[in-house]
Amino acid sequence: MLFITFTTAVQTNDDLSIVRENVRKIMLWPSPDQLSSVITQAMANLSSLNFDTCQWPDLNYTTRGPENWDPVLHMFRIATMTSALTAPGGLINNTKLSLGIHCALKVWIEQDWQNPNWWWNYIQDPLIATGIMLMLGVERMTKYEIDAIVNMSYRANWWIKDWGGGANLVWELQIQLYRGLATSNYSAVEQGFELMWQTVQIQNLSTMGIQSDWSYHFHGSQLLPAAYGDAWATNILHFHMATRGTQYALSKDRIETFGRFLTRSDAWFTMGSVWTWALIGRVIDRGVHVWYTHLFPSDQLRELAMDMTDNSTAIAFCDYADRLEHRHDATPLIGNRHFYTSDFQVHRRVNWTAALKMHSARVIASECDNNENLKGEHIGDGVLNLYTRDAQYGGGEEYENIFALLDWQAINGITVEADTPLNHCDRGALPMLNTTFVGGVSDSMYGAAIMDTLTHNLTAKRTWHFYDTYIIALANGIEDNTTALLQTALVSRLLPAANTISGILTLQWSNGTRMVLPDGVYSFSYNQPRILWFHADGTAWSVLEEYETLIIDCRNKSGNVNQFGPWNFEMVGRLLTAIIIHGRGPTINPLHYRYMIMPNVTVEDMTRLWERYLSIGNSAHALTYLQNKNNEPLYLHGTCDPFLQRASVLLFDKGFTNSSIAYYNCSSMSLSIYMEQPGAILFSENSNSFTITAAHPTIAIGTFIVHVNRSSIVSHECTNSNHWDLRSGTRVLIPLPGNNQLLGKSVSITCKKNNIA
């Protein structure tokens, strides 16, 4: 018994020592290639330190801003100096550097500067302090310093405040782990890892963290895989790497969960190492160089791949790591994912990526805490961000440092009242009107999304349809009972310089004239000749429906982020904005729009594409609004592509009163579809079978029923339809997910064709 007890104690001690050293190397010390720059910065900090006051003269220690707070830079500088002193190959024998560290640390402890924003006091400051203690080691610190930092660490009191999971909890546990590792507190280390690993699981809908669709929620039901989500996942990854092979290691099932999360969520939200900007939350006013960039070390992802039992996840990790390194020989991520818990859809092709952000009664669009993101009211109103520049392996330049240049009433894809003031931030929240009929459908390669839109006094029924070489955006039921100016933004993105090939803005007129448009602001009416399409930066936009005015604005602009946040610095860039002006309310008849986006095409390609899809008499796209017998719109939107043998049909619940008219017809495919209830479907077929993929935004239990004029062999899900001749129609019964946790998830049924018929 004594022998066993002694052996266990030795093992515990060894494991703690191993983890301590690993955490220092992975999370606190610079890598060998970063060491030189860290040493340079540390010596600069040392040379500017006033040894009489142990403070830095260039820092304003009286600032109390909730975000930009100078006193915390005092601690960051100490941390940099400590890293340079203690890292392998560092300045271990530099006595002056050591004196500077202890001098500056003493002042911090004595002054104990506090910020009105609790986060600095309870998380950031204790995190820096315990990190310094872990790097130095208690053997190189005074009892006064150790006691002060230990007491500071207790501010991260997760045991008093229930965070409900997420980044704040993990940060506070990180503080506990740093303290426990530095002071060899075995209980603190064991408890810290046990609680941290509990966050690596799929949560219920009311809990922050990983959701059932693999998205990540934080600050309530807000999609935040970047910023807070990035911080959470990076910590989990680092601590996993630090504990591998020890008693503190993440369990096998949770490693698999974490692996699926990274490859099925974060990998989809990034182009190379860049996040799609609608996911970075309120920190858009801080500049994108830090917050816009993915933080995962690619070498750690490759190591994590070796821990996966699922081979497809392991391969996905290696491909993900290659893309993070911007390797052009990396396997591209291609497909479509609809994150049904988060009202977000991502559509990826080899040379372009589209990301659509919506919001609803179940998903918060954005936040404005600490006076940040004060103009972000419409970030979730169907913002469609398109990435075409190196969209798999890097890219993101289309929106890099764009935010101070934007007209926040004209960001990509939104339909709004242009002259209605944006809502003011109210105690961290942007007041918004929410609807429930918001969602999407995806068969993993193609997708469509639906949004019942309500903002201020404007209502609209809008959908988006994603194919291989284009996106179709549709809307009807645009109504407003005020005199507001109603508009839809087609595009709002940065362009390269006008003297570059990709920076040229080209217009094609219906009379055959093609012209290069110089920078400026232009207003075009819908008459003859009319604009068929305009093209810039490898992408073409075509408005397919009559409009009052099309505004194209392409100019060099500048702006300061202090317009919408607490920071103060300029952004500059050449901005392209294109807007459909629908007119002023009050609307007598509901308005509508149809437009098409064709990414990564040349001007020369457009002649062929126009003939293929959009020329007069070519019905390759049947874009349909059906009417009921009172000549009022039935809110059914449909598109089809005969070359792909695909169609998408989305039916809103409002106006669905007469089941006999809920048909969608695509003459170019001889396809007719009838839906017995509102919802979203995709149709695809080949010579042997056809598949219906369906999703419902508000119902998770029951059967979704679709009729299609294709005959099939009778099965449990594929039965005869009474809407067509029994030999030529099929009634497809699609079981919904059956669990409210999976509300909005897509389900597919394939029917084998009865070719005899």
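The domain assignment divides part of this protein chain into domain 1, covering residues 14-199, and domain 2, covering residues 204-333. As you turn the structure on your screen, keep in mind that it is a predicted model. Try finding the middle of each domain: taken over C-alpha atoms, the two centres are separated by 25 Å.

Now look at where these two domains meet. On one side, 28 residues of domain 1 are in contact, and on the other side 25 residues of domain 2. Together the two domains bury about 2200 Å² between them, and 67% of that area is on carbon and sulfur atoms. Which residues of domain 1 lose the most area to domain 2? They are Asp15, Ile26 and Trp197, which together account for 29% of what the domain 1 side buries.

What kinds of polar pairing cross this interface? The count gives eight residue pairs in polar contact between domain 1 and domain 2, while the number of salt bridges found across the interface is zero. You can also ask which helices supply the domain 1 side. Helices α1 (2-28), α7 (166-183) and α8 (186-197) each give at least two residues to the side that touches domain 2. Sorted by class, that side of domain 1 has 17 nonpolar, eight polar and three charged residues.

Salt bridges do turn up elsewhere, and a search of the whole structure finds 31 of them. One to look for is the bridge between the side chains of Arg302 and Glu325, with N and O 2.9 Å apart. Arg302 sits in helix α12 (residues 298-305), whereas Glu325 is in the loop between α13 (311-324) and β6 (335-339), so you will need to follow the chain for 23 residues to get from one partner to the other.

Let us move on along the chain. An unreviewed UniProt entry lists residues 336-601 as "domain: Polysaccharide lyase family 8 central". Over this stretch the chain is 0% helix and 47% strand, and the C-alpha atoms at its two ends are 20 Å apart.

Strand β15 (residues 485-494) is a good place to pause, with Leu485 as our guide. Leu485 and Ala418 are 67 residues apart in sequence, yet their C-alpha atoms are 5.4 Å apart in space. Leaving aside neighbours within four places in sequence, Leu485 is in contact with Val416, Glu417, Ala418, Asp419, Ile581, Gly583 and Arg584.

Finally, let us visit some details of the backbone. Most residues other than glycine have a negative phi, and most peptide bonds are trans. Where does this model depart from that pattern? Cys54 is not a glycine, but its phi is positive, at about 60 degrees. You will find Cys54 in the loop between α2 (32-48) and α3 (71-86).

There are cis peptide bonds to see as well. The bond from Gln528 to Pro529 is cis, with omega near -10 degrees, and Pro529 is in the loop between β18 (520-525) and β19 (531-536). Another cis peptide bond joins Gly585 and Pro586, where omega is about -5 degrees. Pro586 lies in the loop between β22 (570-584) and β23 (591-598).

Definitions and conventions. Residues numbered from 1 in each chain as written. Predicted model: local features only at pLDDT ≥ 70, side-chain atom pairs only at ≥ 80, totals over all residues. Heavy atoms only, no water. Domains from an automatic or database assignment. Contact = heavy atoms within 4.5 Å. Buried area = accessible area lost by both parts, 1.4 Å probe. Salt bridge = Lys/Arg side-chain N within 4 Å of Asp/Glu carboxyl O. Polar contact = N/O pair within 3.5 Å; in protein donor to acceptor, adjacent residues only side chain to side chain. Helix = DSSP H or I, 4+ residues; strand = E, 2+ residues; numbered from the N terminus. Nonpolar A, V, L, I, M, F, W, Y, C, P; charged D, E, K, R; others polar. UniProt positions renumbered as here; feature names shortened; annotations may be inferred.
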